[in-house]
Amino acid sequence: MAVMVDKEQGKAKRAVKPASAGVTAASRSGAPAATSMAALEAERDALKAELAAAKVRIEALEAANSQVINRLSWMIDSLQALKEGVQS
């Protein structure tokens, strides 16, 4: 959205959107509503699948992160035990 500055008052004003701004290209070209609806449904389904795949990936990354934290904690504990053994 374009923003214009009123030089006299120094305030930003938003430009008014034309009435046709919310109209899709499919409806302007005269394409049937069913065609554009089918395209939207296909896009929605693709986005749902992408979201599901991203959620699975996030779960895998969180599990790997948890394993790394556990291993690091174990190594730190082992190093502290060695240090205490050397100091005794």
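This note sets out, point by point, what a new reader may wish to know about the structure.

1. Nature of the model and its confidence. The structure is a predicted model, and its confidence values deserve attention before any detail. Mean pLDDT for the protein chain is 80, with 65% of the residues reaching 70 or more. Confidence is lowest in strand β1, residues 3-6, where the mean is 50. It is highest in helix α2, where the mean is 96.

2. Overall fold. The protein chain contains 2 helices and 2 strands. Along the sequence these elements follow the pattern β-β-α-α. Helix α2 covers residues 33-87, and the chain has 88 residues.

3. Burial and surface. Of the residues of the protein chain, 1% count as buried. The surface that the chain exposes amounts to about 8,000 Å², and carbon and sulfur atoms supply 61% of that area.

4. The nonpolar patch. Which residues make the nonpolar surface patch of about 430 Å²? The patch is formed by Val68, Leu72, Trp74 and Met75. One of these residues, Met75, belongs to helix α2. Met75 has a relative accessibility of 43% and therefore counts as partly exposed, since that class lies between the limits of 20% for buried and 50% for exposed residues.

5. The salt bridge. How many salt bridges does the structure hold? There is 1 salt bridge, and it links Asp45 with Arg44. The closest N and O atoms of the pair are 3.0 Å apart; the cut-off for such a contact is 4 Å. In general, side chains of opposite charge can pair when their charged atoms come close.

6. Setting of the charged pair. Are Asp45 and Arg44 buried, exposed or partly exposed? Asp45 is partly exposed because its relative accessibility is 40%. Arg44, at 41% relative accessibility, is likewise placed in the partly exposed class.

7. Points to keep in view. A reader examining strand β1 should recall its mean confidence of 50. For helix α2, the corresponding mean is 96, and Met75 of the nonpolar patch lies in this helix.

Note on methods:
Residues numbered from 1 in each chain as written. Heavy atoms only, no water. Patch = residues over 30% accessible without salt bridge, like charges linked within 9 Å, V, L, I, M, F, W, Y side chains within 5 Å. Areas by Shrake-Rupley, 256 points an atom, 1.4 Å probe, with all protein chains shown as cover. Salt bridge = Lys/Arg side-chain N within 4 Å of Asp/Glu carboxyl O. Helix = DSSP H or I, 4+ residues; strand = E, 2+ residues; numbered from the N terminus. Buried < 20%, exposed > 50% of the residue type's maximum accessible area, 1.4 Å probe, protein only. pLDDT = per-residue confidence, 0-100.
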